[in-house]
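Trainee: I should like to understand how the terms used for this model are justified. May we take them in turn?

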Amino acid sequence: MVVALYTRALAKYPITTQSGATAVLFAAGDLIAQQGVEGRGWAKHQWDRTARMSAFGFFLAGPALANWYRFLDRRVTIAHPVGNLAARVALDQFAFSPVSVATFFSVNSLMEGLSVDETRAKLRQNYWTALVNNWKVWIGVQLANFYFVPVNHRLLVVNTVALGWNAYMSTLNAGKVEEVEAENGMVLAVPADN
């Protein structure tokens with residue numbers, strides 16, 4: 001029933017439906033980050049952080065990604081299927097993702113009330129680590145996504161995988177990666193120079 005409702009809404013209101021799903025899954029990623037990764041507990045949960053992640057998903061990531069996938073589907077039309085797939089993934093990862101990662105940290109920093117200088121500092125601290133880790137996760141995901149999934153469902157696939165990715169990005173944005181790694185003996189971020 002939920003799938004049928006989603007499919008009907010997607011047919012009638014594709015961008016709004018995809019943006020709403022993106023907002024919900026960005027919020028869920030932050031809930032996973034704060035409760036599962038950082039272990040904050042509900043009493044110390046930062047609901048404003050969850051709201052910022054959800055707003056970013058609805059107003060920026062959702063519309064941008066939905067339109068981006070449509071653009072790739074319409075404009076990248078190389079005759080050979082492997083060439084077409086490679087071109088779409090290359091554009092997605094080496095043109096769109098660098099801008100997307102920078103936008104994520106910049107917009108979230110400004111929504112947090114940080115100054116432009118503090119935002120630049122956060123970008124310098126996190127950008128390359130996030131982008132390199134993005135490539136480690138998303139190149140393989142997008143190869144499968146662009147090959148097997150129809151354009152209207154690509155964002156849903158990305159959002160599903162992004163539950164974990166958004167938890168990572170939320171934790172990185174909050175500056176909690178080193179703290180979580182030290183407490184739990186896990187590696188969440190591999191610096192770009194390794």
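Mentor: The discussion below covers confidence, helices and cavities.

Mentor: This is a predicted model, in which local features need pLDDT of at least 70 and side-chain atom pairs count only at pLDDT 80 or more, while totals for chains, interfaces and linings use all residues. Residues are numbered from 1 along each chain as its sequence is written, and side-chain values use heavy atoms, with hydrogens and water left out.

Trainee: What makes H4 stand out in pLDDT among the elements of the protein?

Mentor: The pLDDT is the predictor's confidence in each residue, from 0 to 100. The protein averages 90, and 90% of the residues score at least 70. Among the elements, H4 has the highest mean, 97, and helix H7 (residues 177–184) the lowest, 58. Over residues 190–194 the pLDDT is below 50, yet this stretch has seven contacts beyond near neighbours in sequence (a contact means heavy atoms within 4.5 Å).

Trainee: How do you know that the length of H3 agrees with its number of residues?

Mentor: Helices (H or I, at least four residues) are DSSP runs, numbered from the N terminus. The expected span is 1.5 Å times one less than the number of residues. The 29 residues of H3 should therefore span 42 Å, and the end C-alpha atoms are 40 Å apart, which agrees.

Trainee: Where are the kinks in H3 and H6 centred?

Mentor: The bend at a residue is the angle between axes fitted to the seven residues ending there and the seven starting there. In H3 a kink of about 45° is centred on glycine 57; in H6 one of about 50° is centred on alanine 162. After H6 comes glycine 175, with a positive phi near 75°.

Trainee: Why is a space called a cavity?

Mentor: On a 1 Å grid over the protein atoms alone, a cavity is a set of points where a 1.4 Å probe fits but cannot get out; lining residues have an atom within 4 Å of a point. Grid points are joined across faces, edges and corners, and a volume is the space filled by probe spheres set on the points. The search finds two cavities of 30 Å³ or more. The largest holds about 330 Å³. Its lining has 21 residues, and the closest to its centre are Leu65, Ser100, Asn134, Trp138 and Trp165. H4 gives the largest share, seven residues.

Trainee: Which helix gives the most to the lining of the second largest cavity?

Mentor: That cavity holds about 40 Å³, and H3 gives the most to its lining, with three residues. Among its lining residues are Arg49, Glu112 and Asn173.

Methods. On a 1 Å grid over the protein atoms alone, a cavity is a set of points where a 1.4 Å probe fits but cannot get out, and a pocket is an open set with protein on both sides within 12 Å along at least five of seven lines; lining residues have an atom within 4 Å of a point. Helices (H or I, at least four residues) and strands (E, at least two) are DSSP runs, numbered from the N terminus.
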